[in-house]
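Trainee: Could you walk me through one part of this model closely, and show me how that part sits in the whole?

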Amino acid sequence: MKKVTVPSLVSKKRHGKKITMVTAYDYPSALHVNRAGIDILLVGDSCAMVELGYETTQPMTLDQMVHHCEAVKRGAPSGPLLVGDMPLGTYEYDDTDVALRNAYRLVKEGGMDAVKLEGGSNLRAQTVRKVTEGGVAVMGHVGLTPQAISVIGGFRAQGRTAVRARQLLDEALRLQEAGAFCIVLECIPANVAQAITDTLEIPTIGIGAGGHTSGQVLVYHDMLGMTSHPHHKQFVPKFCKRYGQLGHAIVKGLEDFKVDVEEGIFPGTEYAPYKMSDEERVAFDALLAKDEEERQRIHDEAAAKLDDSDEYEKLSLYGSSKD
Ligand code: KIV
């Protein structure tokens, strides 16, 4: 697949072609996203939740992000445009040099083509300008901005009043004006997303924002039903269509393996492919016969020690029967 570029995405919007974006966090998921011909691969800080088991995206660090970006780059060296999320605490300061320095890490060490940051305030627009002038393409993100969860008060829809919807449009315009090449619209009403998309020159990518955006993004683990553990169910958002139930398939595979091993079905002769010639086998048996007694003695000693330690385990778990 030809490398996706920032201009090719803008051109897609102009020609009314939908843009696809999916997250990935490691080598195998990047291979899959690349093979599927997805336009944009986002190394999202959702990694904190779906890969690292945190309840929000806030704990993600820049070092962790660089580590995941490096693996993704190896899995998708060409093909999708690679975008790395800037974690909370790496770009919000009045000193926009901090953001530029951190964006360079995602590009130089992580191998990303672009970075994404959240929010549409005046300060954020200055940061977008600084980073793009520094030569790094920036994707914006407005609506539900998960890094600001403590301000927003929870994972909930945004822009549901006329005033707030108008503010979101202004934020998107501000980011475009500052040089963002694309904007993620998360969890906002479809009519608001449509108004923003129709107003902007640059593409919008929706997630829980209806069908009138320039493209759609979903989180890899959510869309593929990766985390079938009940603990994760609460985190799968209701706007997310499931395109697979991989979590169930993975658990089933692991359970089948356990049964096969415990019942002696695996590996069987089918999965024991390495053979000796008859001549080498006879020679090996002769070598074994030479010191059979000595080996039996070593085996018996080891077995006696293990019996002792079994006895010790029983005592420490259940107490001595003499007590
Ligand atoms: O971190 C992430 O995965 C994201 C997407 C939901 C857009 O920001």
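Mentor: Happily, and burial is a good way in: 41% of the 323 residues in the protein chain are buried, where buried means under 20% relative accessible area, exposed over 50%, and partly exposed in between, with a 1.4 Å probe and protein chains only as cover. Please keep in mind that this is a predicted model, where local features need pLDDT of at least 70 and side-chain atom pairs count only at pLDDT 80 or more, while totals for chains, interfaces and linings use all residues. Residues are numbered from 1 along each chain as its sequence is written, and side-chain values use heavy atoms, with hydrogens and water left out.

A little more of the whole before we zoom in. The protein chain holds 14 helices and 8 strands; these are DSSP runs, H or I of at least four residues for helices and E of at least two for strands, numbered from the N terminus. Its radius of gyration is 28 Å, well over the 20 Å that the globule rule gives for 323 residues, so the chain is more spread out than a compact globule. That radius is taken over C-alpha atoms, and the rule is 2.2 Å times the number of residues to the power 0.38. Along the principal axes, the C-alpha atoms fill a box of roughly 85 × 60 × 35 Å. Of the contacts with a separation of 6 or more, 58% join residues 24 or more positions apart, a contact being heavy atoms within 4.5 Å.

Now for the close look, and I'd pick strand 7. This strand spans residues 204-207 and is covered on both faces: Thr204 and Gly206 are buried on one side, Ile205 and Ile207 on the other. In a regular strand the side chains alternate between the two faces of the sheet. Its parallel partner is strand 6 (residues 182-186), joined to strand 7 by 4 bridges; pairing requires that DSSP finds at least two bridges between the strands. Within this pair, Leu185 stands opposite Gly206.

Stay with Ile207, which lies in strand 7. Ile207 is buried, with a relative accessible area of 9%. Beyond its neighbours within four places in sequence, its contacts are Val184, Leu185, Glu186, Cys187, Val217, Leu218 and Phe239. Phe239 is 32 residues from Ile207 in sequence, with 7.7 Å between their C-alpha atoms.

Cys187, one of those contacts, deserves a glance too. It sits in the loop between strand 6 and helix 9 (190-199). Its phi is near 50°, a positive value in a residue other than glycine. Cys187 is also buried, at a relative accessible area of 13%.

For a companion to strand 7, turn to strand 2 (residues 40-43). There, Ile40 and Leu42 point one way and Leu41 and Val43 the other, and all are buried. Strand 2 pairs with strand 1 (residues 19-23) in the parallel sense over 3 bridges, and Val22 stands opposite Leu41.

One last backbone detail to look up: the peptide bond from Phe266 to Pro267 is cis, with omega near 10°, and Pro267 is in the loop between helix 12 (246-262) and helix 13 (278-290).
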